[in-house]
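Q: Please take a close look at one part of this predicted model: the aromatic cluster, together with the pocket beside which some of its members may be discussed.

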Amino acid sequence: YPTREPFCPPTKIDDSNVYWTAFKEAIKEMKLQISTEVFPAGTDAAYTRALGIPAIGFSPINNTPVLLHDHDEFLHADVYLRGIKIYEQILTKICNA
């Protein structure tokens, strides 16, 4: 199959990636569960990776239907506020990696 974009290697999610290790540590400390998925080109991360900059996509939204860009997309205030706290802990851990 021909592709529209040149091949862009995925970001490593193993112990060779210090940022992934820090991310996983923050998730573990908060006792959160995550699942990894390949989301090849649906976000701006594809453009970042094409520049040779590793990128990890993450969303702390939970207990919410997936209605991305739908006419009735919503997010409960408590989920939004908890997401801010989650990002604070993750970014602190990554910035100190």
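A: Rings of Phe, Tyr and Trp, the last taken by its six-membered ring, count as a pair if their centres lie within 6.5 Å. In this predicted model, ring pairs link Trp20, Phe23, Phe58 and Tyr87 into a cluster. The count by this rule is three aromatic pairs. One of them joins tryptophan 20 to phenylalanine 23 in a stacked arrangement, with 5.5 Å centre to centre and 20 degrees between the planes. Both residues belong to helix H1, where they stand three residues apart, about one turn of the helix. Tryptophan 20 has a relative accessible area of 7% and is therefore buried, and phenylalanine 23 counts as buried because its relative accessibility is 4%.

Phenylalanine 23 also pairs with phenylalanine 58, here edge-to-face, at 5.1 Å centre to centre and 80 degrees between the planes. This contact links distant parts of the chain: phenylalanine 23 lies in helix H1, whereas phenylalanine 58 lies 35 residues apart from it, in the loop between helix H2 (45–50) and H3. Phenylalanine 58 has a relative accessibility of 23%, so this residue counts as partly exposed.

Phe23 has a further role in the description of the second largest pocket, where Tyr19, Phe23, Ala55, Ile56 and Ile94 lie nearest the centre among 13 lining residues. Helix H1 (18–29) and helix H3 (77–95) are the elements that give two or more residues to this lining, and H3 gives the most, with four. The lining comprises ten nonpolar residues, three polar and no charged. The space in this pocket is about 270 Å³.

How values were computed
Residues numbered from 1 in each chain as written. Predicted model: local features only at pLDDT ≥ 70, side-chain atom pairs only at ≥ 80, totals over all residues. Heavy atoms only, no water. 1 Å grid on protein atoms, 1.4 Å probe; cavity = no way out; pocket = protein on both sides within 12 Å on 5 of 7 lines; lining within 4 Å. Points joined across faces, edges and corners; volume = space filled by probe spheres on them. Nonpolar A, V, L, I, M, F, W, Y, C, P; charged D, E, K, R; others polar. Phe/Tyr/Trp six-rings, centres within 6.5 Å; stacked < 30°, edge-to-face > 60°. Buried < 20%, exposed > 50% of the residue type's maximum accessible area, 1.4 Å probe, protein only.
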